[in-house]
Amino acid sequence: MKNLYYLFAITVLLGSSCQTKSTIVTKINGSEKTFYEAAKYYLSEAEYNKGLEAIHQAIQEKNQEHLVELYYLKGFMLHAYGKTTDARAAYQYVIDHTETYSLYKNKAAQLFALNLAEEEFQEQIRVKQEELLKNKNNEQLTDDSYLMVEKQPRFPTCPETTQKEIQKCSSQIVQEHIVSTYDVGLGNTFGVYEKVRTHVYYTVDTEGDATSIVARGTNAFLSLEAKRVIFSLPQMLPGESRGEKVSVPFSVPVTYNPL
């Protein structure tokens with residue numbers, strides 16, 4: 001019986017030793033790092049391909065302490081690279097395996113919804129381009145963007161006064177939302193250590209939601225974060241023209257300042 005206990009103890013020790021060894025990658029700057037540490041290091045140095053590969057390796061380790069964060073980073077990177085289906089699978093893991101009030105869960109849910117909305121927007125663009133190509137007689141297509149907006153979209157907390165006051169109130173709420181919602185630590189995570197401005201173009205649709213979001217910036221990850229922030233704007237009262245609800249385009253700069 002004692003020999004069996006010894007055999008069991010040796011097996012556990014060997015298993016533990018193998019597990020420890022399997023979490024070590026090649027030395028980085030003279031020090032050994034786990035796959036998780038390597039992923040964080042490579043991303044902070046803006047070596048994104050190496051970082052994504054280390055994330056994949058770290059996920060295979062199934063270390064429960066970091067799995068949710070790793071899946072979130074994986075989804076975020078794939079989303080920024082335009083790999084929407086794989087990104088949604090990673091977001092879904094975070095949603096399914098995270099506590100109710102986790103920051104990762106909430107952001108993953110927002111990005112999952114944004115991901116689907118972006119695909120729908122791209123399909124709308126494709127359909128519109130096909131309509132233009134089929135319009136051989138150059139007949140003018142209906143375009144609500146040329147309608148005069150008599151009532152600007154506004155947040156419910158903004159009083160219905162003059163158009164100028166409504167715009168001022170709405171702009172203030174948007175800026176406050178950006179400041180309170182933007183992940184200021186994202187730049188450090190992805191190795192961005194200088195001020196970056198992203199211009200976001202969006203439409204407040206007839207339901208009062210921010211849709212058709214496009215971002216123009218120099219960093220794909222900061223651009224995605226800017227889109228997430230605008231996508232999560234509170235619902236507005238839609239704009240009106242001739243007594244009908246209409247979609248109204250907007251643009252706003254979202255600036256990342258390094259910590």
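Glutamine 152 counts as buried because its relative accessibility is 17%, where buried means under 20% relative accessible area, exposed over 50% and partly exposed in between, with a 1.4 Å probe and protein chains only. Glutamine 152 sits in the loop between helix 6 (103-134) and helix 7. Leaving aside residues up to four places away in sequence, glutamine 152 touches Gln163, Ile166, Gln167, Gly239, Val248 and Phe250; contact here means heavy atoms within 4.5 Å.

A word on the model before we go on. This is a predicted model, in which local features need pLDDT of at least 70 and side-chain atom pairs count only at pLDDT 80 or more, while totals for chains, interfaces and linings use all residues. Residues are numbered from 1 along each chain as its sequence is written, and side-chain values use heavy atoms, with hydrogens and water left out. Helices (H or I, at least four residues) and strands (E, at least two) are DSSP runs, numbered from the N terminus.

Now let's turn to the sheet. It is open, with three strands in the order 2-1-5 and antiparallel pairing; two strands pair if DSSP finds at least two bridges between them. Strand 2 and strand 5 (248-256) are the edge strands, each pairing on one side only. On average, neighbouring strands of this sheet are turned by 25° against each other, direction ignored. Strand 1 (residues 196-204) and strand 2 (residues 210-216) are joined by five bridges. Across this pair, threonine 203 stands opposite threonine 211, and histidine 199 faces arginine 216. Five residues lie between the two strands of this hairpin, where glycine 208 takes a positive phi near 90°.

Which strands does helix 7 (residues 163-181) touch as it packs on the sheet? They are strand 1 and strand 5, and the direction of helix 7 makes about 40° with that of strand 5. Axes are lines fitted to C-alpha atoms, for helices over the stretch in contact, and angles run from 0 to 180 degrees between N-to-C directions. Helix 9 (residues 220-231) lies across strand 1, strand 2 and strand 5, at about 160° to strand 2.

Elsewhere, helix 2 (residues 35-44) packs with helix 4 (residues 67-80) at an angle of about 35°, their axes 12 Å apart. Tyr36, Lys40 and Leu43 of helix 2 meet Glu69, Leu70, Leu73 and Met77 of helix 4. These residues divide into five nonpolar, no polar and two charged; Ala, Val, Leu, Ile, Met, Phe, Trp, Tyr, Cys and Pro count as nonpolar, Asp, Glu, Lys and Arg as charged, and the others, Gly among them, as polar.
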